[in-house]
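Trainee: I am new to this structure. Could we walk through it together?

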Amino acid sequence: LGQAHAATLADVDASISGFRDAVLKVQRPGIAEIVATDLAALRRVGGWLSRFRLISDRADMPALVEEFARTSEEEIDYLHEAQSAERFADIFADDEGVGAPEVVWERTTRRALTLQDVTAIKITDHAALHAAGIDPSVVAHRFATTMFAQLFTHGWFHADPHPGNVFVTPLDGTDAEGRPRWRLTFIDFGMMGAVPPTTRRGLRRMLIAAAS
């Protein structure tokens, strides 16, 4: 859908944002038309498949296609992604263990997104984590806790948390136990998911039942 490039903010933008290193995400030219064509084809196929009892008894194909279409259209709207990045940062504003890049709104449009460069240690790079004095098992625990908080507490979650979208960022100083401080930094907020309250309650009951 697009490409991300390392960038350096001009003096005026750097003075406003408070940082100079940035990432510029640029949308592929004509991608909106390509996505629209693909979605039109998927809608037709979904309509055909819904006529087969074997499939229609198990899934609402037109509804699945529309859900996919909504997600795809949000992914190519970089203003939506920028808003999601800010919302995520606001949710975890009181948790120094979780972060997100700042948005450079002056250089952001629907087809170009400029963010603070937060490149750090890849969450699966065990050698780099050990070199920084960070225990990978503690990282795994914090990652799981953070995802559960998104799902069960906030009802709004990062829907594409693969290793390329999560960094471990070393911080200055040490914690109360003398271990290096660090945080999880999430990027790429083009695909987010929402969990309605009724579904959250059901999922909580299911997890409690499984644990019991």
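Mentor: Happy to, and what follows is a short set of questions and answers about this predicted model.

Trainee: Let's begin with the core. Which element gives the most residues to the largest nonpolar core?

Mentor: The largest nonpolar core has 24 residues, and those with the most contacts inside it include Phe-88, Val-139 and Val-168. Helix 5 (78-91), strand 4 (112-116), helix 7, strand 7 (166-174) and strand 8 (180-186) each supply at least two of its residues. With 4 residues, the top contributor is helix 5.

Trainee: Which residue in strand 8 is the bridge partner of Val-166?

Mentor: Start with the two strands: strand 7 and strand 8 run antiparallel and are joined by 6 bridges. They form a hairpin with 5 residues between them, and Gly-178 in the turn has a positive phi of about 80°. Within strand 8, the residue bridged to Val-166 is Phe-186.

Trainee: And in what sense do strand 3 and strand 8 pair?

Mentor: Strand 3 covers residues 98-99, and 2 bridges link it to strand 8. In one of these strands sits Val-98, whose bridge partner in strand 8 is Leu-184. The sense of the pairing is parallel.

Trainee: Back to Val-168. Which residues of strand 8 does Val-168 touch, if we leave aside neighbours within four places in sequence?

Mentor: Val-168 is among the core residues with the most contacts inside the core. Its contacts include Ala-120, Ile-121, Ile-123, Leu-129, Ile-134 and Val-139. Strand 8 spans 180-186, and the contacts of Val-168 there are Trp-182, Arg-183 and Leu-184.

Trainee: How is helix 7 placed against helix 8: parallel, antiparallel, perpendicular or oblique?

Mentor: Two packed helices are described by the angle and the distance between their axes. Here the axes of helix 7 (residues 136-154) and helix 8 (residues 197-211) come within 9 Å and cross at roughly 125°. That angle makes helix 7, relative to helix 8, oblique.

Trainee: How many residues of that contact are nonpolar?

Mentor: On the helix 7 side are Phe-148, Leu-151, Phe-152, Thr-153 and His-154, which meet Arg-200, Leu-203, Arg-204 and Leu-207 in helix 8. Of the residues in this contact, 2 are polar and 2 are charged, and the nonpolar ones number 5.

Trainee: Last one: is Glu-67 buried, partly exposed or exposed?

Mentor: Glu-67 lies in helix 4 (residues 61-75), and its C-alpha atom is separated by 32 Å from that of Ala-6, 61 residues apart along the chain. Buried means under 20% relative accessible area and exposed means over 50%. Glu-67 has 45% relative accessibility, so it counts as partly exposed.

Technical notes. Residues numbered from 1 in each chain as written. Predicted model: local features only at pLDDT ≥ 70, side-chain atom pairs only at ≥ 80, totals over all residues. Heavy atoms only, no water. Axes fitted to C-alpha atoms, helices over the stretch in contact; angles between N-to-C directions. Parallel < 35°, antiparallel > 145°, perpendicular 65-115°, else oblique. Contact = heavy atoms within 4.5 Å. Nonpolar A, V, L, I, M, F, W, Y, C, P; charged D, E, K, R; others polar. Buried < 20%, exposed > 50% of the residue type's maximum accessible area, 1.4 Å probe, protein only. Core = buried A, V, L, I, M, F, W, Y, C linked by side-chain atoms within 4.5 Å. Pairing = 2+ DSSP bridges.
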